[in-house]
Amino acid sequence: MPERTAVIASRVGLHARPAGIFVAAVGALPLEITIARAGEPADEAMDASSILSIMSLGASNGDTVVLRAEGEGADEALDSLVKILETDLDAQ
Amino acid sequence: MQKTSRSSQSNESGKADLPSAGLRTAASGTDQSKPASTFSGFGVNPGRIVGPIMLMPPMVHEPAKDEQRVEGTSSEEATAALQNAAKAVQASLRARSVEASGAGREVLEATALMAIDPMLINSAAKLIGEGASAERAIWDAAASVAKMLHGLGGLMAERSTDVLDVRGRIVAELRGVAAPGIPFSDSPYILVAEDLAPADTATLDPSKVLALVTSSGGPQSHTVIIARALGLPAVVAAAGVNALTDGTVVFVDGGAGTVLVNPGIEEENLAKAWIANRANLALFDGTGRLKDGHLVPLLSNVGGASDAVAAAAAGAQGVGLLRTEFCFLDRDTEPTLAEQVQAYRGVFDAFPGKKVVVRTLDAGADKPLPFLTDASEPNPALGVRGYRTHITSPGVLERQLDAIHQASEGTEAQVWVMAPMIATAEEARHFAELCCGAGLTTPGVMVEVPSAALTAESILKHVDFVSLGTNDLTQYAMAADRQLGPLAALNTPWQPAVLRLIQLTVAGARAEGNDKPVGVCGEAAADPALAVVLVGLGVSSLSMTARALSAVAAILASVTLVEAQHLAELALSAPTATDARRLVRDNLPLLNSLGL
């Protein structure tokens, strides 16, 4: 299964605002995407389309997360999501 | 909702066909074509208005603990109903977010996403599968999500209230009742609510709301602050008034504290006279003084640069209270030094050559901040709040003082600083040292804890001024939570005990011997009659919402210092708060002729 790691760039971590932007991007993709903290087993990964799941990860600035997806276009989709996570959304 | 009524003729159903025995009808003894009934509460902001009411929908109540799916409804049907309700809530929040801007917009967008969140809906669907009703299922599912977020602390804890807000909206949608919050209307109306919260200010449109009436909430509640800031006539603690129905026409008298249902020609004329008078009330000329020329500087309470600009335009002689919370609220982290400097400078720049009293961060109790205060305290009003957060989160205050000092450099404002919730001379000394360390030369403290009023002389040995915060001073002197409607009668600064504490503070300042100023920056200063009493007690300056300046100035100009001192004596020796207020008002006939 294609996967990518991303380092959270937002100053306050994956909190309401940045998490909202990320979830909106996930929701626009026709794929099932999961998110987990680096080092956690893949079967404990969270649904990346759930803002509450994302927030419950409690990922802070500088933490590494793993995104996974399967299906057509998964690689491109994951690349675009990594880009979002690695941007400081609070600075905008 | 408070069911008991102190009104002379309570009208629980709000129907117009009840027997007529209202105050006015009974007093005039004439037959009215329409029955009148009166609700009595506390007038907290003057003004006379006739208009139709709209009720603020009540808080969504919790479904019964064991509420099950109705017989004949499958779990699939219940889950589908829940999903539809969630989608409807998402759509309405999205629609609201489009009208909002900036950070508010993004928060609303994030909240809209929460409404249809798969984690939330799936865990509710599981509970529905186990037999729960859709309402109960979403209630419990959201509660556990909120608890989980709250447990994460800091950043996420604050968002737990958004989950609970979404839950209330979904349950209201499932029940087919109005969503909680300020009602929306195209035409102007009088807002009737149980009480208003600080958050309601953001959604209250002052061009649509004519007046505020609450059935609960005391004279010190947030409704009062909102009413004064927006210049809306307001009556609080008018028990039973929320049993009226939408569209009922009422006459609100924010001076007398009454709400009359089905007003007649007489009230129409009073309302017209008020509107004309309000326009005629001379603008404040920028110098507060009594009839004999005794000067009483009138300053303004502000919560940011735009407030400050408006206050300067209204003639305020400075800022008596800069609430710095504006810089911190709705934040998950402490604002940076640069952000703070910029925010404070905006206020200083509005008052070149004038005094600006900056109150350091007053978090806690009704103003929680996730990174400073502990929401689980059993008694937040008696907890770690105001200056006391310095004990649990050292450093924040020092950085704020640095920011205030940096902001003051290069401006022409005279910058004074004061700490809230000071209880002892020792705390005052420590605060003065911190100010000195930051290069700030005029430290002071708030007097809002009775112990500070009683030890004002010792406190003033360490600081250059004190400012009385009458809202909290009243709540602590009377041991009465300022948010509670049933305690409204206790919670007024007209209480002779509160006036006595103010008198003792002035006496302490005189005993200290250096003629250090004693100001008032609580809501009491905005009540023109009470302002006269405060000056009579020896208070040197008054700070209030800018909208109250002209009314207070007009009434002060109608009395001499000797007269004010006499009225202060009358109020101090009155047996009750009601008597104190009545005695003073009876001696200030200008109040009634101005409709104040």
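Two residues are taken to be in contact if their C-beta atoms, placed from the backbone, lie within 7 Å. With that settled, I turn to the structure, which is a predicted model.

I begin with the fold of chain A. Among the contacts in chain A between residues at least 6 apart in sequence, 71% join residues at least 24 apart. The secondary structure of chain A comprises 3 helices and 4 strands, and along the sequence these elements appear in the order β-α-β-β-α-β-α. Chain A has 92 residues, of which 41% are buried.

Next, the contact between the chains. How many residues does each chain contribute? Chain A provides 17 residues and chain B provides 19 residues. On the side of chain A that touches chain B, two elements each give two or more residues, namely helix H1 (16-27) and helix H2 (51-57) of chain A. By residue class, that side of chain A consists of 7 nonpolar, 8 polar and 2 charged residues.

I come now to the confidence of the prediction. For the complex, the predictor reports an ipTM of 0.87 together with a pTM of 0.62. Chain B has an average pLDDT of 87, and 91% of its residues score at least 70. Where in chain B does the pLDDT fall below 50? It does so over residues 1-34. In the model, this stretch of chain B nevertheless has 65 contacts beyond near neighbours in sequence.

To summarise, chain A follows the pattern β-α-β-β-α-β-α, and helices H1 and H2 of chain A are the elements that each give two or more residues to the side touching chain B. The complex carries an ipTM of 0.87, while residues 1-34 of chain B have a pLDDT below 50.

Key. Residues numbered from 1 in each chain as written. Chains lettered and ligands numbered in written order. Predicted model: local features only at pLDDT ≥ 70, side-chain atom pairs only at ≥ 80, totals over all residues. Nonpolar A, V, L, I, M, F, W, Y, C, P; charged D, E, K, R; others polar. pLDDT = per-residue confidence, 0-100. Buried ≥ 20, exposed ≤ 12 C-beta atoms within 10 Å, placed from the backbone.
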